[in-house]
Amino acid sequence: MKTVTILGVTGSIGQSALRFLRLHRDTFSLEHISVGCSADEALKIAAEFKCKSIGVADETCDIEVPADVKLYRGAEALCAQAAQNVDVVLGAVSGSQGLPAILAAIKAGNRVALANKESLVCGGPALLALARDKGVPIIPVDSEHSAMFQCLLAGKREDVHSIILTASGGPFREHSLAQLKTASAEASLNHPNWSMGPKNSLDSATLANKGLELIETCYFFDIAPEDVTVVVHPTSIFHSAVQYRDGSMIAQLGETDMAGAIGYGLSYPERLPTGLKPLDLTALGGLHFYPYDPARFPAVDLARRAINIGQPATLMFNAANEVAGKAFLEGRIGFLDIAKTIEIALDKAGDKFTAGLDDIVDADIAAKAWCAALIK
Ligand code: MG
């Protein structure tokens with residue numbers, strides 16, 4: 001039996017993971033789950049999977065757990081929960097708030113299936129170095145990075161020419177600059193392919209998600225930003241690829257469903273059924289690729305700039321994006337102001353909030369406060 005912890009069990013990744021675990025009740029045992037404040041849902045899941053503990057991030061949340069279930073409350077308690085010894089911790093909290101628990105899981109020697117890309121973007125190479133020191137494998141659970149991880153198994157690192165990172169282009173792929181200027185929050189959350197939480201959906205509309213994923217790619221696979229090509233592929237069937245120096249491109253394809261990346265992350269190095277159907281290539285007919293437009297979607301190039309400055313700047317990229325994204329959803333700034341905020345933040349304070357692994361959370365809070373003051 002493989003034991004599992006899911007941090008952020010009620011989000012869209014957490015829910016997909018539960019569907020996968022239901023297919024494999026003889027292989028996996030879900031021991032620990034955490035939520036923000038969805039007490040009823042957490043209790044239901046804990047009863048179904050006979051979990052040992054529930055973590056509740058929000059300390060004001062009302063919850064009463066059965067006698068055989070341990071309760072963890074608040075950010076620090078969640079770290080204690082993430083440190084409980086299991087075979088794999090699925091980090092599925094969205095945003096940099098997920099970082100402390102990921103660090104706690106790594107320090108405890110727990111393998112991590114990482115869906116929380118922001119923790120890597122903020123923690124940078126130091127987070128991966130910690131994992132290497134601890135001998136803890138980190139398996140990416142972002143569809144593109146899971147694809148890259150799988151494609152990189154086909155050759156040697158020194159034979160890699162470049163990595164192809166695909167982007168769906170989001171709901172505003174064909175919008176003009178004038179249309180983007182007045183784009184609404186509601187329309188920005190309506191992703192054509194993927195069903196995701198609000199943060200990821202908005203990040204897909206601005207392509208800030210692709211910026212974060214570019215940073216994630218460079219850190220995860222230790223590759224320079226100029227060796228990562230971002231390509232728009234609207235149907236998200238071709239999840240990403242690795243170009244080798246002998247001219248071969250190895251790609252990973254599959255249904256547009258996170259079940260593939262989640263199942264792989266939890267079962268690696270095995271490949272267990274995920275409920276996804278085999279691809280029917282003749283039904284697909286064709287796959288289409290386009291260059292992205294940096295004039296309408298500047299976030300990708302801003303991410304390149306951030307990587308070249310270093311980890312304080314990638315932390316700032318994420319902070320500015322989270323703060324500006326929230327301001328946009330609350331109607332305080334326009335859609336194009338999100339990328340503008342990131343740009344100004346990188347220009348003025350891209351190297352301001354440096355931090356070692358233990359103060360990343362503080363640096364993140366300080367960077368976000370700086371960005372909030374900028375927007376005001
Ligand atoms: Mg992705």
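This note goes through the metal site, the nonpolar cores and one sheet of a predicted model.

1. The magnesium ion has three residues as its protein donors, D142 (OD), E144 (OE) and E213 (OE), and these lie 2.1 to 2.2 Å from the ion. Along the chain, the donor residues follow the spacing D-x1-E-x68-E. Since E144 belongs to helix α7 (residues 143-152) and E213 to helix α11 (residues 208-221), the pair ties together parts that are 69 residues apart in sequence.

2. Are the two glutamate donors, E144 and E213, buried or exposed? E144 is buried, with a relative accessible area of 8%, and E213 also counts as buried, at 1% relative accessibility; the cut-off behind both statements is a relative accessible area under 20%.

3. The largest nonpolar core has 84 residues, and those with the most contacts inside it are I106, L127, I138, M316, F317, F335 and L346. Helix α15 (residues 311-329) gives the most to this core, contributing 10 residues. Because domain 1 (2-140) and domain 2 (145-257 + 270-309) both give residues to the core, it lies between them.

4. F335, which is among the residues with the most contacts inside that core, can be described by its neighbours: leaving aside residues up to four places away in sequence, F335 touches F172, L180, K181, A183, S188, L202, A205, T206 and F328. Apart from the core just described lies another, of 34 residues, which includes A17, F28, A42 and M258.

5. Five strands make up an open sheet of mixed pairing, in the order β11-β10-β8-β9-β12. Its edge strands are β11 (249-253) and β12 (290-291), each of which pairs on one side only. Helix α7 packs on this sheet, where it touches β8 (160-167), β10 (238-244) and β11, and the direction of α7 makes about 35° with that of β10. The helix that packs here, α7, is also the one in which the magnesium donor E144 lies.

6. Within the sheet, strand β9 (residues 228-232) shows both senses of pairing: β9 and β12 run antiparallel and are joined by 2 bridges, whereas β8 and β9 pair in the parallel sense over 5 bridges. Which residues mark these pairings at V232? V232 stands opposite Y290 in β12, and V232 is also the bridge partner of A167. Of the 5 residues of β9, 4 are buried, so this strand is largely enclosed by the rest of the structure.

Key: Residues numbered from 1 in each chain as written. Predicted model: local features only at pLDDT ≥ 70, side-chain atom pairs only at ≥ 80, totals over all residues. Heavy atoms only, no water. Donors = N, O, S within 2.8 Å, 3.2 Å for Na, K, Ca; no water. Buried < 20%, exposed > 50% of the residue type's maximum accessible area, 1.4 Å probe, protein only. Core = buried A, V, L, I, M, F, W, Y, C linked by side-chain atoms within 4.5 Å. Domains from an automatic or database assignment. Contact = heavy atoms within 4.5 Å. Pairing = 2+ DSSP bridges. Axes fitted to C-alpha atoms, helices over the stretch in contact; angles between N-to-C directions.
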